[in-house]
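Open the model in your viewer and keep the sequence panel beside it. We will go from one selection to the next, looking at what each one shows.

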Amino acid sequence: MLRGLALVCVVLGGTALGSAALCVFAARTAAAQTVSSIVVEGNRRVEADTIRSYFRAGPGGRLDAAAIDDGLKALYATGLFQDIRLNQAGGRLVVSVVEAPVINRVAFEGNKRVKDDQLTAEVQSKPRGTLSRPMVQSDVQRIVDVYQHSGRFDVRVEPKIIELPNNRVDLVFEITEGQKTAVRQIAFVGNRTFGNTRLKDVVKTTESGLFSFLKSTDIYDADRVEADRDLLRRFYLSKGFADVQVVSAVSEYDPARKGFVITFTIEEGDLYHFGAVDILSNVRDVDAASLRAVLRARAGAVYNVEAVEKTSENMTIEMSKRGYAFAQVRPRGDRDPATHLINVTFVVDEGARAYIERINIRGNSRTRDYVIRREFEIAEGDAYNKVLVDRAERRLKGLGYFKNVKLSNEPGSAPDRVVINVEVEEQPTGEFSVSGGYSTAQGWLAEVSVGERNLLGQGQYAKAAATIGQYSRGFSVSYAEPYFLGYRLNAGIDLFAQQNLKSPYQSYGSETYGTGFRLGSALREDLALQLRYNIYHQKITVDPRLTDCDTTNPLIVNAAPDDPARLAFLATCEANGEVSSAIKQTLLRGPVWVSQIGYSLTYNALDNIRNPSSGLLMEFKQDFAGLGGDVDFLKTSGEARYYYNLFGDVVAVGRAQAGNVTPWGGQSVRIFDSYFGGPWLVRGFAPNGFGPRDLTVGTTHDNVGGKNFWGASVEVQSPIPNLPKDIGLKAAAFADVGNVWTYGGPKTFTPPIFPNTLCGRGGDPTNCTGPAESNTPRSSVGVGLIWDSPFGPLRIDYAIALTKEKYDVTQAFRFGGGTKF
């Protein structure tokens, strides 16, 4: 028998919930007893045999002190007991237990920024479970982690236990959220080539400022800062700095500023260019020369890791098309520090055989599985190819449906089987906006719109918008399916109606309504094609006072030119002015239906869509009207923009554009289908400010448009020194040149009912003076302010016209922009 036990208790820790203690026995003798001699007291829910099972007898079926100590520790580890005591009574071991309370409910108080559902998913303490003080303390830390992840480092969490009858409790976490911990400053050390402003555009973390209430990226997030390190490294690698290292990203809390200062330390290294770019094919039936067409890396160009990766990706896809599903393309670089050249060889191997066993998708509570799976060019059972898996990950991130996307692999059921795990975190994809703006061309304008980028979780896009403005009003409804008929084709339909009113820049208005269909496809990562068909009804509207000379009154048609009655009539009707014959001809023709088919070909090699600093963007468009309808023409236009980083954060932009409209079927060019020179082409001129113009005496001197246009501009943009990057303000200096020429509208009328206009004066339909036009290019120079504000893009330009005609209309100041709230 056990003659004596010394009870030793050690306090493990004190908390708001009380103190936990572990009591063990030190044996005073070597005597022991059996498990069957253990007496259990105080248990209500847990069976006595279950408690005895934790005391494991040693050799001979006897319990010694070590076995008793182990049993006591094991019972505490279950979390089922609040207190356990061991005593000796009548030669037996008495185990007295106080069972842990059962949690009736888990509640959260004070949490306004984080929902109950999110916190419930994080904590381990659950209703109908037992209360465990160590688990509660772990839950406190989990809640703190959730808040710190959202940028609230001043959070405090205090657990409270409310006792209820029948050994039940309510567990309440009282939360003091505190204020968000902002990023006060982002600094860079070691950046010689790119300025701080340029690098701040690369990272996702932003500095807090005047418009912090409109964004969340200025809240400190350690994970986002770590991701920014990789973004900086990738940026430098794409700009030729092959040796770049982002040595550290140090985040320091500044109590005085109540926020973090983040410092990125960069070692740029030297600038490298591509040397020789070769292909080595280890696949017997594949000639290396046949793969050169997919090369994106070019000898002599600035080294760009993205070009290397894109070449590997394109080459892998090309090999797969040729029947080599397991082919692997490995770029091998040979760096020459002396010449600053990197010779790159793309090694093509057949690769080890591995197959995709499963693709597991987790975290998509709203987005359908097939919306995610269709971004993969490989499926379950196909050959595993890492390049294609990486490409799918980039596509998923580019959808905009998910806050986070992570792909990982794990071994399958056999050595040649791979399981792909896709972890996503969804984010809101709906948008509702009320926007307003003002521009010198359109006056004030307001818009209400509602849209959804992931309709019903099926990846479809829908938007409805209504606008009302000083000179226009209308509505539009759009719907798009990005995978039409199961192919990577973006099909869409649009319904629209628009009413334009007379403005200071034109003496007529218009009413248009119709529908359009479009089908787009990415031919390459940088090349896209869109086909479209539009049919719409259009008519011109003119104030009757501007056409009151257009009658078949015998005083105009038959009377002598010097007839006093005729002259009096003309004086009356011409007193308030007359619109041009080009406008009157459109009015006489009446409402028309326009049925046109067209396409756009777009090449986009910009480094950043929103704020580019380098790269080329080109677009070529053609529209052919005459597939039914009342109007026949072919309209062609093209535009190219080139961005070049001069130094630091200073960017040069070159732009060239041109267009032509050609009527067919014996028709002339309607005024609606013509081009009109204005600030969109050469700044410093008013809307409709230059181009063919009707200068007939007594008319409103309208710009009647031309069949051709061309334009070019050069602009230099730079951040304003000593202003925080977060303001988003830039200064610009520019020079524009361009022209619109060749009037293509009607020149004669039968019968001659339009006196005092381009043609038909004095009742003679052959008396045509034609509009005034010039082949002299218009040009201007100026400066501007560009504000990429949280409310939308705003721009103010001041330009001086250098070359112009005396009848042109200039406008030195130009303002445009809008806001959403």
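Start by selecting Ser449 and Ala465: in this predicted model, Ser449 stands opposite Ala465, which belongs to strand S20. Now widen the selection to residues 443–455, strand S19, and residues 460–469, strand S20. How many bridges join S19 to S20? There are nine, and the two strands run antiparallel.

Next, follow the chain through the turn. S19 and S20 make a hairpin, with four residues between them. Click on Leu456 in that turn and check its backbone: phi is positive there, at about 55°.

Keep S20 on display and add residues 472–481, which are strand S21. S20 and S21 are also antiparallel, joined by eight bridges. For a cross-strand pair to label, pick Lys463 and Ser478; Ser478 is in S21 and Lys463 stands opposite it. The link between S20 and S21 is again a hairpin, with two residues between the strands. While side chains are shown, here is a rule to keep in mind: in a regular strand they alternate between the two faces of the sheet.

Now move to another part of the sequence. Select strands S3, S5 and S4, which form an open sheet in that order, with mixed pairing. Why do S3 and S4 each have one side without a neighbour in this sheet? Strand S3 (38–41) and strand S4 (81–89) stand at the edges and each has a single partner strand, so one side of each is left without a neighbour in the sheet. Turn the view to look across the strands: on average, neighbours in this sheet are turned by 20° against each other, direction ignored.

Within this sheet, zoom in on S4 and strand S5, residues 92–99. Eight bridges pair S4 and S5 in the antiparallel sense. Label Asp83 and Val98 here: Val98 is in S5, and Asp83 stands opposite it.

With S4 and S5 still selected, add residues 65–77, helix H2. H2 lies across both strands and runs at about 155° to S4.

Finally, zoom out to the whole chain. Colour by secondary structure, and you have twelve helices and 33 strands to find. Colour by burial instead: of the 821 residues in the chain, 43% are buried. Then switch to a surface view, where the accessible surface of the chain comes to about 40700 Å² and carbon and sulfur atoms account for 55% of it. As a last stop, think about contacts between residues with a separation of 6 or more: 61% of them in the chain involve residues 24 or more positions apart.

Definitions and conventions
Residues numbered from 1 in each chain as written. Predicted model: local features only at pLDDT ≥ 70, side-chain atom pairs only at ≥ 80, totals over all residues. Heavy atoms only, no water. Pairing = 2+ DSSP bridges. Axes fitted to C-alpha atoms, helices over the stretch in contact; angles between N-to-C directions. Contact = heavy atoms within 4.5 Å. Buried < 20%, exposed > 50% of the residue type's maximum accessible area, 1.4 Å probe, protein only. Areas by Shrake-Rupley, 256 points an atom, 1.4 Å probe, with all protein chains shown as cover.
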